[in-house]
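Trainee: Could you take me through one part of this structure up close, rather than giving me the whole tour? I'd like to see how the pieces there fit with what surrounds them.

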Amino acid sequence: MATAQRSRLGLLTMAALSVSFVEATTLPLVFGSSSPMPSAGAFLSQKPKTSLRLRGGGQQYSLGLRDSIMIAHSFTGEEFGPAQNMHGATYTVDVEFHVEDLVPRLNWVLDIGEGMTLLKRVLSQYNFKNLNELFPGENTTTEFMCKKIFEGLCKELKGNFKGSITVKLWESHSAWASYTNEISASGC
């Protein structure tokens, strides 16, 4: 067999194996059963029995804002190793506001200027502060601070936002934590 024919045969075999793998691994998830397994052609002609929904359904819009804070803190517990000693951290703070529909006529999630002002106001409570003094007896982990910032945003919005908010704190370029929750028209 010529080299070109062997190459084409090899590619066809890999393609067939790929389709079989995709059918075997994804179709049960889409069609809600493990057998009988429909062929690729049957897959394209059938409607899925279920659909995946994120955050309760529908398409969503989001607006992201970014700022940073510098804090000092220490942790209690040998699990924290050297972080039991006082140390500083500079967090990059990302906040995403999620809504199902844009504000009518304005076509925005939230006014960016007002959102930045609100975020700076909330973060000013923590910027250049010793978190041990603000939260005595608490381990002010990144996860803990995500929720505290969320709560501050929720209070500041005073029911003027309906959707969800995600607060993400970056400890470094490779480590972060986040907290997401819903806010109703009446507030937190």
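Mentor: Let's start with one pair of residues: Arg-66 stands opposite Asp-94 in strand 2. Keep in mind that this is a predicted model, whatever we end up saying about it. Another bridge to look for is the one between Leu-63 and its partner Phe-97 in strand 2. Zoom out a little and you'll find strand 1 and strand 2 running antiparallel, joined by 13 bridges. Strand 2 also pairs with strand 4, again in the antiparallel sense, over 7 bridges. One spot to check there is His-98, whose bridge partner in strand 4 is Ser-164.

Put together, the strands make an open sheet of 5 with the order 3-1-2-4-5 and mixed pairing. Strand 3 (129-130) and strand 5 stand at the edges with a single partner strand each, so one side of each has no neighbour in the sheet.

Now for the part I'd spend most time on, helix 5. What does simple helix geometry say about it? With 16 residues (142-157) at 1.5 Å a residue, helix 5 should span 22 Å, and its end C-alpha atoms are 23 Å apart, which agrees. Its buried residues are Thr-142, Phe-144, Met-145, Cys-146, Ile-149, Phe-150, Gly-152, Leu-153, Cys-154 and Leu-157. As you scan that list, remember that an α-helix has 3.6 residues a turn, so residues three or four places apart point the same way. The cover over the buried residues of helix 5 includes strand 2 (87-99), helix 3 (112-123), helix 4 (131-134), strand 4 (163-172) and strand 5 (175-183).

Which element gives the largest share of the largest nonpolar core? That core has 33 residues, and those with the most contacts inside it are Phe-97, Leu-153, Phe-161 and Ile-165. The elements giving two or more residues to this core are strand 1 (61-73), strand 2, helix 3, helix 5, strand 4 and strand 5. Helix 5 provides the largest share of this core, with 8 residues. As a rule, in soluble globular proteins nonpolar side chains tend to be buried together.

Ile-165 is a handy place to stand inside the core. Skipping residues up to four places away in sequence, Ile-165 touches Val-95, Glu-96, Phe-97, His-98, Phe-150, Leu-153, Leu-157, Tyr-179, Thr-180, Asn-181 and Ile-183.

Two names on that list, Phe-150 and Tyr-179, lead us to the aromatics. The count comes to 6 aromatic pairs. In one of them, the rings of Phe-135 and Phe-144 have their centres 5.2 Å apart and their planes at 85°, so the pair is edge-to-face. Phe-135 and Phe-144 are both buried. Phe-150 and Tyr-179 make an edge-to-face pair as well, 5.2 Å centre to centre with 65° between the planes. This pair ties together distant parts of the chain: Phe-150 sits in helix 5 and Tyr-179 in strand 5, 29 residues apart. Phe-150 has a relative accessible area of 5%, so it counts as buried. Going back to Phe-135 and Phe-144, these two form one aromatic cluster with Tyr-126.

Tyr-179 has other partners too. Leaving out neighbours within four places in sequence, Tyr-179 is in contact with Cys-146, Lys-147, Phe-150, Ile-165, Thr-166 and Val-167. The side chain of Tyr-179 also makes a polar contact of 2.9 Å with that of Asn-181. As for Lys-148, its C-alpha atom is 9.4 Å from that of Tyr-179, though the two are 31 residues apart along the chain.

Last, look at how helix 5 ends. Lys-158 follows it and lies in the loop between helix 5 and strand 4. Phi of Lys-158 is positive, near 45°, in a residue other than glycine. For context, most residues other than glycine have a negative phi. Is Lys-158 buried or exposed? At 61% relative accessibility, Lys-158 counts as exposed. Asn-107, in the loop between strand 2 and helix 3, also has a positive phi, about 55°, without being a glycine. Asn-107 is exposed as well, with a relative accessible area of 56%.

Notes
Residues numbered from 1 in each chain as written. Predicted model: local features only at pLDDT ≥ 70, side-chain atom pairs only at ≥ 80, totals over all residues. Heavy atoms only, no water. Helix = DSSP H or I, 4+ residues; strand = E, 2+ residues; numbered from the N terminus. Expected span 1.5 Å × (residues − 1). Buried < 20%, exposed > 50% of the residue type's maximum accessible area, 1.4 Å probe, protein only. Contact = heavy atoms within 4.5 Å. Phe/Tyr/Trp six-rings, centres within 6.5 Å; stacked < 30°, edge-to-face > 60°. Polar contact = N/O pair within 3.5 Å; in protein donor to acceptor, adjacent residues only side chain to side chain. Core = buried A, V, L, I, M, F, W, Y, C linked by side-chain atoms within 4.5 Å. Pairing = 2+ DSSP bridges.
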